[in-house]
Amino acid sequence: MLLGSSTETPEALPSTASSTAPLAVDPTALMQAMLEAALAAADPGPGLRAALPQRPADGRLLVLGAGKASARMAQVLEQMWGPCEGLIVVPEGARLPLRGLEQMEASHPVPDGRSAEAAARMLALARTLGPRDTLVVLLSGGASALLAAPADGLTLADKQSVTRMLLRSGAPIDEMNLVRQQFSAIKGGRLAAAAKEATVLTYLVSDIPGDRAELIGSGPTFPSVGSAAEALAVIARHGIALPARARAHLERAADQSARAAHLGPAPRHVIVASPQGALEAAASVARAAGVTPCILGDAIEGEAVDVGRVMAGIAQQSLRHGQPFAPPVAFISGGETTVTVRNGAGKGGRCSEYLLSFLMTAAYSARISAMACDTDGRDGSEHNAGAIWQGGKPFDRTDARRALEEHDAWTFFERNQALVQTGPTHTNVNDFRVALVL
């Protein structure tokens, strides 16, 4: 991978650096192989095949799905059960061939009119079910934007404005989805409530730190995770200036101590793919290459810039002092970092911003390389999955610092031919990060 030329001299590592000879491994090739293994493990197909019961023999079967992995899950479901009635909504460009289920595309991460139409149609379909019928719901990350049914008294424009503010606020995904539930007519258990007494089965691909099923896709088949008062606290904590109508809606609901209505018991559900499974698959690839894998966590959150610095510090400690593991070692992590936009928005996303922060701290060493990618194949505003950097390659630190300050990491990595392109992966188990010390 070709990288740009440097205009500054990299700082030298302290004399306490490890003298262990580096392993003869191509770091770029190894990290790419680890990503491929992680994505294969994130495929919801095997997990769904194992979890699906026999097709219901009695009553009507309705299948509804939303999210980046919903078409893949629908494909596997129809392979096992045959053509089904229902509707799947996916991000633009993420369709897959289906036998009976209708597919729609809608906007992500900010909802559009198609998102509102999809949500309204799903609610209407669910309301036609009776007590002998079965509703199967296929959910993954992305469903929050793809299903946008405004609560009573709100408009789609209100929801779009709130979504943009949340995305720029730096709020973690669990807090974002708690707020989204309060502005929705479908999230926070309202889709399950529309199905009344029908049996509800929910199959999920987790993109939520800690695999909290009730927050995946903002939980359309699960009881609301919080109250309007808690949503107001999130808004205040992140300094979000809500549109007047949206704030009035929350304040009115808080005065009534309102939570989302949810009729009947919580639905049966199975998580068919998760971040931990992807990290373990990547660890196996590292181990086979003679590199010690160290999974630091599947739910690491925080500002992308801060997490990048911390991960770089861990890599440096390994290289200098052999702690917590001596090289060769691969520090692997998942979860969802955040980006609080303060100085205008350039091009990029949380993975590229994380990696640029890591690079500024540690990647001047020839023995430290790193990668960060979103497992859905798209990192933020652009169409790359993330970026990769082989340690010791020269770069312009002034340019890197400017890009970091302006949230323009994509431009930096594109200029240095270091973007990772996967295209849509039809899954989403959050971010995949590796710091390789050889």
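## After helix α9

Let's start at glycine 239, which follows helix α9 and has a positive phi, near 60 degrees. Keep in mind as you look around that this is a predicted model.

## The two faces of α9

Helix α9 spans residues 228–237, and its buried residues are Ala228, Ala231, Leu232, Val234 and Ile235. Viewed down the axis of α9, these buried residues fall within an arc of 155 degrees, so they line one face of the helix.

Turn to the face of α9 pointing away from that buried side and you will find the exposed residues Ala236 and Arg237. The cover over the buried residues of α9 includes two other helices, α7 (173–182) and α10 (244–255).

## The sheet

Now for the strands. Six of them make an open sheet with parallel pairing, and their order across it is β3-β2-β1-β4-β5-β6. At the edges sit β3 (102–106) and β6 (268–273), each of which pairs on one side only. From one strand to the next, the twist averages 15 degrees.

For a closer look at one pair, try β1 (residues 61–66) and β2 (residues 85–91), which run parallel and are joined over five bridges. Within this pair, alanine 66 stands opposite valine 89 of β2.

## A helix packed on the sheet

Helix α3, residues 70–81, packs on the sheet and touches β1, β2, β3, β4 (134–139), β5 (199–205) and β6. If you compare directions, that of α3 makes about 140 degrees with that of β4.

Methods. Residues are numbered from 1 along each chain as its sequence is written. This is a predicted model: local features need pLDDT of at least 70, side-chain atom pairs count only at pLDDT 80 or more; totals for chains, interfaces and linings use all residues. Side-chain values use heavy atoms; hydrogens and water are left out. Two strands pair if DSSP finds at least two bridges between them. Helices (H or I, at least four residues) and strands (E, at least two) are DSSP runs, numbered from the N terminus. Axes are lines fitted to C-alpha atoms, for helices over the stretch in contact, and angles run from 0 to 180 degrees between N-to-C directions. Contact means heavy atoms within 4.5 Å. Buried means under 20% relative accessible area, exposed over 50%, partly exposed in between (1.4 Å probe, protein chains only). The arc is that of the directions from the helix axis to the C-beta atoms.
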